[in-house]
Structures are given as C-alpha cells and as structure tokens.
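Trainee: I'd like a close look at one part of this model. Please walk me through the strands and the turns that link them, then the pocket beside them.

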Amino acid sequence: MFVKKRSLMSVFSFVVALLVALVPLSASAQPEPPEEMIRNNINEFMAQLEGREAYYEENIDELKQEVDDSLEKVADFRYIGASVMGSYFRNASPEQRSRFVDVFRQTLIDTYTRGLVTFDYDDIRVLDDQRPQREEDRASVAMEVIATNGDVYPVNYSLRLSDGEWRVVNVIVNGINLGLTFRNQFDQAMRDNNRDYDAVIGGWAPDVGVDELEKGGDE
C-alpha cells in the first residue's frame, strides 16, 4: 500500500484520479450492473499500479499520459463541460465550448493524477447495498475509501448510459458534489471577469479546499 502523506486533499485527488483512470464501462459487452463493473475495473487498475508508486512518482508525466489515454472512453466530458458551464453554455461559441472541455479535462489530469501515488489507503470497496436505478440510462454507485488511519471517506460516482456504455459524469466526495462545486466556481469566475469566456477558460483551475472537504456536505 501507499506510504506517502495523508490529507483530505490527497483523498480528493485519489478518488478524482480514479474517476479518470477507470477503464471503459461497456454495458453491451459486460452485462454486469454498474457497481460490479466499477468494482472490477478499480481492482484491476489498482493492481496494475501496486508496487509502481515510486516509479510513477518519479515519472508523473507517464502516469498522466496513461490516464489521459483512457479519458475519452471513460468520462463524458462534453456532458460534464456543459454541466459545469451551466447557463453560460448556451451563449458560448462552439469553439469556446470545445476549448473549455479540453481545458477542464487537462486541469483534472494535471492537478489530481498525483493523488494516485500520494494517498495512503488501506482499502477501496464498492458497497453491496446500492440505491436502485430510477432511470434506465442513469446509475449511481456508492463506494468507500478507507485510509490506513481508519478514516472512511464516502464516494459516489454518477453514471450516464451513452451509446451503449456507462460514462462517469460526476463524483461526490464526503458529500461534496464536484460537478456543482465546479459549476459555482465557473459562475463566480464569469462574474469576476465580466462574462469574458476566453478569460475564464484560459484561467480555469479546479479548486476544492481541505477545509471544505473536512466539513463535508450534502449530496
């Protein structure tokens, strides 16, 4: 297991990095429910990472590239980007929309990939007792990350069925809804920059503080 620094920000980085590092969740090729696919994929990915933490810490760009290579098949970033932009999406140009998706994706990689090699965890478990699906094309998968000091961090992935594949569209860490948090940050940035899309997109950087994570929130 990892033997690096412990912090809530590392937990946050770790679970977001897992989000972008998941292998494809194919509904047509794999008849298992979403929670089984996530459980299997996380176990497989972490097994590949196990024992190579020191290598990747010294070669972080290689890990970023491996994560980046899997993104297109895993997360619905066009959907996520539109959700984060919120009401501003309608008035953005196609080029601005596309550019924000690219910037959002890259900032997640750059900011949070290191969480894969810095978090000291004891176990990752997908809960057996999952909420029933309310819609055929929507799913929610609850899991827990257990730190070596015994702290338990609830994590919830939201998925959307698109073109026969389950795609991650949001993640909630300790009650903090990342999608909503980033949408609020985009809105504030637009207000601070007089609705200048290019300025906001050019200066975009995800920011969720340790104090916020410690306080937690409501889903």
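Mentor: Start at a turn. In this predicted model, β4 and β5 form a hairpin with 2 residues between them. Asp163 sits in that turn and has a positive phi of about 55°. The two strands run antiparallel, and 8 bridges join β4 to β5, which covers residues 165–173. Within this pairing, Leu159 stands opposite Val168 of β5.

Now go to the other partner of β4. Strand β3 spans residues 138–147, and β4 spans residues 152–162. These strands also run antiparallel, with 9 bridges between them. Take Glu144: its bridge partner in β4 is Pro154. β3 and β4 form a hairpin too, with 4 residues between them. In its turn, Gly150 has a positive phi of about 95°.

Next, a contact from further back in the chain. Asp122 belongs to strand β2, residues 121–126. Asp122 and Ala147 are 25 residues apart in sequence, yet their C-alpha atoms are 5.2 Å apart in space. Is Asp122 buried or exposed? Neither: Asp122 counts as partly exposed, because its relative accessibility is 44% and that class lies between 20% and 50%.

Last, the pocket. The largest one has a volume of about 460 Å³. It is lined by 17 residues, and the closest to its centre are Arg131, Arg138, Ala139, Ser140 and Ser158. β3, β4 and β5 are the elements that each give two or more residues to this lining. By type, the lining divides into 6 nonpolar, 6 polar and 5 charged residues.

Conventions
Residues are numbered from 1 along each chain as its sequence is written. This is a predicted model: local features need pLDDT of at least 70, side-chain atom pairs count only at pLDDT 80 or more; totals for chains, interfaces and linings use all residues. Side-chain values use heavy atoms; hydrogens and water are left out. Two strands pair if DSSP finds at least two bridges between them. Buried means under 20% relative accessible area, exposed over 50%, partly exposed in between (1.4 Å probe, protein chains only). On a 1 Å grid over the protein atoms alone, a cavity is a set of points where a 1.4 Å probe fits but cannot get out, and a pocket is an open set with protein on both sides within 12 Å along at least five of seven lines; lining residues have an atom within 4 Å of a point. Grid points are joined across faces, edges and corners, and a volume is the space filled by probe spheres set on the points. Ala, Val, Leu, Ile, Met, Phe, Trp, Tyr, Cys and Pro count as nonpolar, Asp, Glu, Lys and Arg as charged, and the others, Gly among them, as polar.
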